[in-house]
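Biologist: I am new to this structure and would like to go through it in small steps. Please show it to me before we begin.

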Amino acid sequence: MVRFSLYDLERRVAERAEASVEVSYTRKLLDRGVTQCAKKLGEEAVELALAAVAENRQRLIEESADLLYHLLVVLKARDV
């Protein structure tokens, strides 16, 4: 099992925030502003909730990862 922590994800978000928009989805999100980042976070939260009740375990894990990533992007956008 690969060990990858929330701290590792936060570092990756920080690194990708410094990359160019051509190669970094994170940078692209941040350039759209905190409102768009928060909107995407909300979408991911809904997808996670739906997966929790209607999808299999793997899908729930995937949606959880998406939500955590987008949460960290919002925090980065707000300098938290």
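Modeller: One definition comes up repeatedly, namely that a residue is buried under 20% relative accessible area, exposed over 50% and partly exposed in between. Please also keep in mind that this is a predicted model.

Biologist: What pattern does the chain follow along the sequence?
Modeller: The chain contains 4 helices and 0 strands. Read along the sequence, the pattern is therefore made of helices, by the run-based assignment of helices and strands. It is written α-α-α-α.

Biologist: What percentage of the residues of the chain count as buried?
Modeller: The C-alpha trace spans about 35 × 30 × 25 Å along its principal axes. The chain has 80 residues, and the part of them that counts as buried is 25%.

Biologist: Does Glu-62 count as buried, exposed or partly exposed?
Modeller: Glu-62 has a relative accessible area of 32%. Buried needs a value under 20% and exposed a value over 50%. Because 32% lies in between, Glu-62 is partly exposed.

Biologist: Which residue meets Glu-62 in a salt bridge?
Modeller: The partner lies in helix H4 like Glu-62, 3 residues apart, about one turn of the helix. The partner is partly exposed, with a relative accessible area of 32%. The two side chains meet at 2.7 Å, N to O, and the partner is Arg-59.

Biologist: Which residues are joined into one network by salt bridges that share partners?
Modeller: The search of the whole structure finds 6 salt bridges. One of them is between Glu-44 and Lys-40, at 3.3 Å, N to O. Those two are 4 residues apart in helix H3 (residues 34-54), so about one helical turn separates them. Salt bridges with shared partners make one network of Lys-40, Glu-43 and Glu-44.

Biologist: Is Glu-44 buried or exposed?
Modeller: Its salt-bridge partner Lys-40 counts as partly exposed, at 22% relative accessibility. Glu-44 has 4% relative accessibility. The limit for the lowest class is under 20%, so Glu-44 counts as buried.

Biologist: How far apart in space are Ala-65 and Glu-44, C-alpha to C-alpha?
Modeller: Ala-65 is found in helix H4, and at 41% relative accessibility Ala-65 counts as partly exposed. In sequence, Ala-65 and Glu-44 are 21 residues apart. In space, their C-alpha atoms are separated by 9.6 Å.

Biologist: Which residue forms a salt bridge with Arg-27?
Modeller: Arg-27 and its partner both lie in helix H2, 4 residues apart, about one turn of the helix. The partner is exposed, with a relative accessible area of 52%. The closest N and O atoms are 2.9 Å apart, and the partner is Asp-31.

Biologist: How many aromatic pairs does a search of the whole structure find?
Modeller: The whole structure was searched, and the number of aromatic pairs found is 1.
The pair is formed by Tyr-25 and Tyr-69, with 6.3 Å from centre to centre and 25 degrees between the planes. Because planes under 30 degrees apart count as stacked, this pair is stacked. Again, the count is 1.

Biologist: Which residue of the pair Tyr-25 and Tyr-69 is buried?
Modeller: The pair links distant parts of the chain, 44 residues apart: Tyr-25 is in helix H2 (residues 25-31) and Tyr-69 in helix H4 (residues 57-77). Tyr-25 counts as partly exposed, at 41% relative accessibility. With a relative accessible area of 15%, the buried residue is Tyr-69.

Biologist: What is the volume of the largest pocket?
Modeller: The lining consists of Met-1, Val-2, Phe-4, Ser-5, Leu-6, Leu-9, Ala-65 and Leu-68. H1 and H4 each supply at least two residues of that lining. The volume of this pocket is about 170 Å³.

Biologist: How much accessible area does the nonpolar patch of Leu-6, Leu-68 and Leu-71 have together?
Modeller: Leu-6 lies in helix H1 (residues 6-17) and counts as partly exposed, at 47% relative accessibility. Leu-6 and Leu-68 are also among the residues that line the largest pocket. With Leu-71 they form the patch on the surface, with a combined accessible area of about 240 Å².

Biologist: Which residue has a positive phi of about 65 degrees although it is not a glycine?
Modeller: The residue lies in the segment after H4. It is exposed, with a relative accessible area of 74%. The residue with this positive phi is Asp-79.

Technical notes
Residues numbered from 1 in each chain as written. Predicted model: local features only at pLDDT ≥ 70, side-chain atom pairs only at ≥ 80, totals over all residues. Heavy atoms only, no water. Phe/Tyr/Trp six-rings, centres within 6.5 Å; stacked < 30°, edge-to-face > 60°. Buried < 20%, exposed > 50% of the residue type's maximum accessible area, 1.4 Å probe, protein only. Patch = residues over 30% accessible without salt bridge, like charges linked within 9 Å, V, L, I, M, F, W, Y side chains within 5 Å. Areas by Shrake-Rupley, 256 points an atom, 1.4 Å probe, with all protein chains shown as cover. Salt bridge = Lys/Arg side-chain N within 4 Å of Asp/Glu carboxyl O. 1 Å grid on protein atoms, 1.4 Å probe; cavity = no way out; pocket = protein on both sides within 12 Å on 5 of 7 lines; lining within 4 Å. Points joined across faces, edges and corners; volume = space filled by probe spheres on them.
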